[in-house]
Amino acid sequence: MSRFRLALIVVSALLVAAVITARRRQVRRSPLYSLQRLADAARAKDRVGIEQYLDVTRVAESVVDAAGPSGEEVSRPLLVTLVEQSLWSALTDSLSRRYAGIAGVVQEARVARVGVRLRLPDGDSALVVHLRMEPADGHWRVVAVEDFAPYLQASLEPRLERAYELEMRSALRNLVNAEGMYFADHGTYTQSVGVLTYFNATPDVNLEISAATRDGWKAVARHQKTRAECRIAVGTAVAPGDAAGQPQCARPGER
């Protein structure tokens, strides 16, 4: 199971846990009471209210740090942003069927840990993750999710793949502009990226212009961190059914 799906499950489960359990223990200023308030804010789609009881950035940072190296040379800020997006998405998803109860609450003066038991998709097993909470302005706030680092190894792969594809698409669109300027000066297109004065290279993206004449050109973009490729063509080089000047992306075997 992907890290992304587990991130959704974890956050959704804490919301359900708040609704079910906190009703039995209406103790103001307790961690469970704060979780109930978080659940109320999530149902109301009250972003300000959510952020009062859930520090999204710190939770995302805890996920990234717990996961350790991803095997990709991806910056920590990018990973944190991707996890934040996952967490916000989880707040609007209904995954209550995964919630299997509160595993325990340990509360101290400056920190609390609430264990949430989650069913795995196979339905036959469960895991317990812990929500780390700290007091803030008279209530408790979720600041980290613990104990599920081993399940996070593949969580960001789909989002990273889309990010790499966007980088390749952007590079090809920049190439369209640069080739257009070159044509205006020389009356033909070029097969050499190096002579394109107005082209700015995109890190980790390699461009190959496979054909170029005065009537058109075509190119392919490859990213160092994915097997997907993006292609583009202009003029007579456009294949039947394709749109001129529009990147087309696919992974090997998908064409």
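This briefing covers one sheet and two loop residues. The structure is a predicted model. Its open sheet has four strands, paired antiparallel. Two aspartates, D137 and D204, have a positive phi.

**The sheet**

- The strands follow the order β5-β6-β7-β8.
- Strands of a sheet pair through backbone hydrogen bonds, either parallel or antiparallel.
- β5 and β8 (248–250) form the edges. Each has a single partner strand, so one side of each lacks a neighbour in the sheet.
- On average, neighbouring strands of this sheet are turned by 20° against each other, direction ignored.

**The β6–β7 pair**

- Strand β6 spans residues 216–223, and strand β7 spans residues 229–235.
- Seven bridges join β6 to β7, and the two run antiparallel.
- One of the bridge partnerships links R222 to E229 in β7.

**Residues with positive phi**

- Most residues other than glycine have a negative phi.
- D137 has a phi near 55°, a positive value, and is not a glycine.
- D137 sits in the loop between β3 (126–136) and β4 (139–146).
- The relative accessible area of D137 is 78%, over the 50% cut-off, so D137 counts as exposed.
- D204 is not a glycine either, yet its phi is positive, at about 75°.
- D204 lies in the loop between α6 (157–186) and β5 (205–212).
- D204 has a relative accessibility of 27%, which lies between the 20% and 50% cut-offs, so D204 counts as partly exposed.

Methods. Residues numbered from 1 in each chain as written. Predicted model: local features only at pLDDT ≥ 70, side-chain atom pairs only at ≥ 80, totals over all residues. Heavy atoms only, no water. Buried < 20%, exposed > 50% of the residue type's maximum accessible area, 1.4 Å probe, protein only. Pairing = 2+ DSSP bridges. Axes fitted to C-alpha atoms, helices over the stretch in contact; angles between N-to-C directions.
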